[in-house]
Amino acid sequence: MKLLAELFRKWSGEEPTSMERLPGAGSNRAYYRMTASKGHTVVGVVGTSRDENHAFIYLTRHFTKRMLPVPHILAVSDDGLRYIQTDLGTLSLYDALKGGREAGGRYNQREKQLLTKTIRELPNIQIRGARELDWKQCYPQPEFDEEGVLFDLNYFKYCFLKATELDFHEIKLEANFRLFAKDLTAERGESFLYRDFQARNVMVGADGNLYFIDYQGGRKGPFYYDLASFLWQASAKYPNKLRRQLVYEYYQSLKNYTEVPSERHFVERLSLFVLFRTLQVLGAYGFRGYFERKKHFLDSIPPAIQNLRELLAMQSRSFPYPYMMDMLRRLTEMPQFAQIEEPALNRADGYRTAEQNVYQAHPQDGPATFSKYDNKGPLVVRVFSFSYRKGIPEDESGNGGGYVFDCRSTHNPGRYEPYKKLTGLDEPVIRFLEDDGEILTFLDSVYRLADAHVRRYIQRGFTSLMFSFGCTGGQHRSVYSAQHLAEYINNKYGVEVHICHREQGINQILPPKETK
């Protein structure tokens, strides 16, 4: 800590007012949040490997030049064992997704949006990050190759498989390992392989943007690896339907950066890397759990085995390794890995909104109609939730009240005791409604109406638009719907939105903001 404080003083010209040790990760590096006299914070890092530090510092500076969302290196010690970087805050994507994991994989819409945003940003790191990168600077090796694959497969064999005491023919398994390694490296990858792309290594900034960290083990390699690493992380419990949606989002985003293979070829190659990544993490869990006796890794083994079980049940045509596949099936059937029934996963279809700018009319088009309200602007949208028992909210703008939507056709969580004292703003109610799915189908139609109306009002410079959602008590379904429409309009169009949950006595203003 003393040497790190000296580096801080040399960089900033002052002593740090505080140094807080941050929770450790999987590496031997130590992280400290360091505070300057004016309250500005940075993160100081102490590493044990000069080569590993050098790789991170080189990659970070390279990514910064390419304007990728990573921390900035502020100072480096002469011996390369300590450095200071910008502070990206305390909220990781892993923490932001905690509710979905604890709900057994029932991720709500906000969590799904974070996942989609992350997965669409990954090709930016992989493809743009690879341009003009000096691969010789990577640690511990510059490229994903057959030798490295065999190392990881043997790590799985010795650190996990042998510890289970499963009987297997080592020579036959080794022969299949070599075939598997050749297939994994058959296509030369020219992208940046992050190597440890997971939710813990993505930070959610105070500005809502995502930032990427801990890529010091990266190298040249195929882009499939990182996608498999992220979506098949054992503890995340992503439902298969959500995985398919996120694979689709990744594939579409990848098209913006490079030529892509056919969908069929992409899926077949991805499945190989999902299998490889599953074996790879089981090797790590085996060493950390069986040998180091760390509870977190022991707890991670059953969901990883479940991932393997589902993969084997899904298809085997892409896996022409008969002995290895038979051995893996026998592994998943061992008594200590008996399948535990998972809670029902999210069945809701969800919704996807168009990513396009508001249509701008050509000056020669002229208005479709004429009104005394034309060109007054800017638009302010008001969204209400209410109880039909107490009547529809009055329109105080004098414009006639806008839309009124009846939510009573959807499943009512207020009929069940655990939700009676909660509202549509509370996470248990949100998960109930989204897991049921009726409210999402209902809102899908509302969004389409709102899109056309808001877009046209902005175009014409109108100043006021009102949406109201009613249900029996004005507590659950109407509150959920009003809040989600308000946030949807504010995020997509950047206009000011006033929210009034009338029966709950809750008022909120979402200020205007720039849209992309």
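I'll start with a helix pair. In helix 5, the residues K112, L115, T116, I119, R120, L122, P123, Q126 and I127 meet L242, L246, E249, Y250, Q252, S253 and L254 of helix 9. Sorted by class, that contact of helix 5 with helix 9 has 9 nonpolar, 4 polar and 3 charged residues. Helix 5 covers residues 109-128 and helix 9 covers residues 240-254; their axes come within 9 Å and cross at roughly 35°. The crossing of helix 5 past helix 9 is right-handed. Before going on: this is a predicted model.

Next, the sheet at the N-terminal end of the numbering. What is the strand order in this open sheet of 5 strands? The order is 1-2-3-5-4, and the pairing is antiparallel. Strand 1, residues 18-21, and strand 4, residues 73-76, stand at the edges. Each has a single partner strand, so one side of each is left without a neighbour in the sheet. From one strand to the next, the twist averages 25°.

Take strand 4 and its partner. Strand 5, residues 82-86, runs antiparallel to strand 4, and 3 bridges join them. For a position to look at, V76 stands opposite Y83 in strand 5.

Two helices lie on these strands. Helix 1, residues 2-12, lies across strand 1, strand 2 (30-35), strand 3 (41-46), strand 4 and strand 5. Its direction is at about 55° to strand 5. Helix 2, residues 50-65, lies across strand 4 and strand 5, and runs at about 145° to strand 4.

Now aromatic pairs. A search of the whole structure finds 39 of them. I'll show one: F197 and F212 are stacked, 6.0 Å centre to centre, with 20° between the planes. What does this pair tie together? F197 lies in the loop between strand 6 (191-193) and strand 7 (202-204), and F212 lies in strand 8 (residues 210-212), so the pair ties together parts that are 15 residues apart in sequence.

On to another sheet. This one is also open and has 5 strands, in the order 11-12-10-13-14, with mixed pairing. At its edges stand strand 11 (403-406) and strand 14 (506-510). Each of these has a single partner strand, so one side of each is left without a neighbour in the sheet. The twist here averages 15° from one strand to the next.

Within this sheet, strand 10 (residues 380-387) and strand 12 (residues 464-471) pair in the parallel sense over 8 bridges. R382 has M466 in strand 12 as its bridge partner.

Which strands do helix 14 and helix 15 lie across? Helix 14 lies across strand 11 and strand 12, at about 165° to strand 12. Helix 15 lies across strand 10, strand 12, strand 13 (496-501) and strand 14, at about 155° to strand 12.

Last, how these helices pack. Helix 14 (residues 438-460) and helix 15 (residues 477-493) pack at an angle of about 40°, and their axes are 10 Å apart. The two are therefore oblique to each other. Helix 14 passes helix 15 in a right-handed crossing. Among the residues making the contact are I439, L440, F442, L443 and V446 of helix 14, and Y480, H484, L485, Y488 and I489 of helix 15. By class, the contact of helix 14 with helix 15 has 14 nonpolar, 2 polar and 4 charged residues.

Definitions and conventions. Residues are numbered from 1 along each chain as its sequence is written. This is a predicted model: local features need pLDDT of at least 70, side-chain atom pairs count only at pLDDT 80 or more; totals for chains, interfaces and linings use all residues. Side-chain values use heavy atoms; hydrogens and water are left out. Two strands pair if DSSP finds at least two bridges between them. Helices (H or I, at least four residues) and strands (E, at least two) are DSSP runs, numbered from the N terminus. Axes are lines fitted to C-alpha atoms, for helices over the stretch in contact, and angles run from 0 to 180 degrees between N-to-C directions. Contact means heavy atoms within 4.5 Å. Angles under 35 degrees count as roughly parallel, over 145 as roughly antiparallel, 65 to 115 as roughly perpendicular and the rest as oblique. A crossing is left-handed if the near helix is turned anticlockwise from the far one by less than a right angle, and right-handed if clockwise. Ala, Val, Leu, Ile, Met, Phe, Trp, Tyr, Cys and Pro count as nonpolar, Asp, Glu, Lys and Arg as charged, and the others, Gly among them, as polar. Rings of Phe, Tyr and Trp (its six-membered ring) pair if their centres lie within 6.5 Å; planes under 30 degrees apart count as stacked, over 60 as edge-to-face and the rest as tilted.
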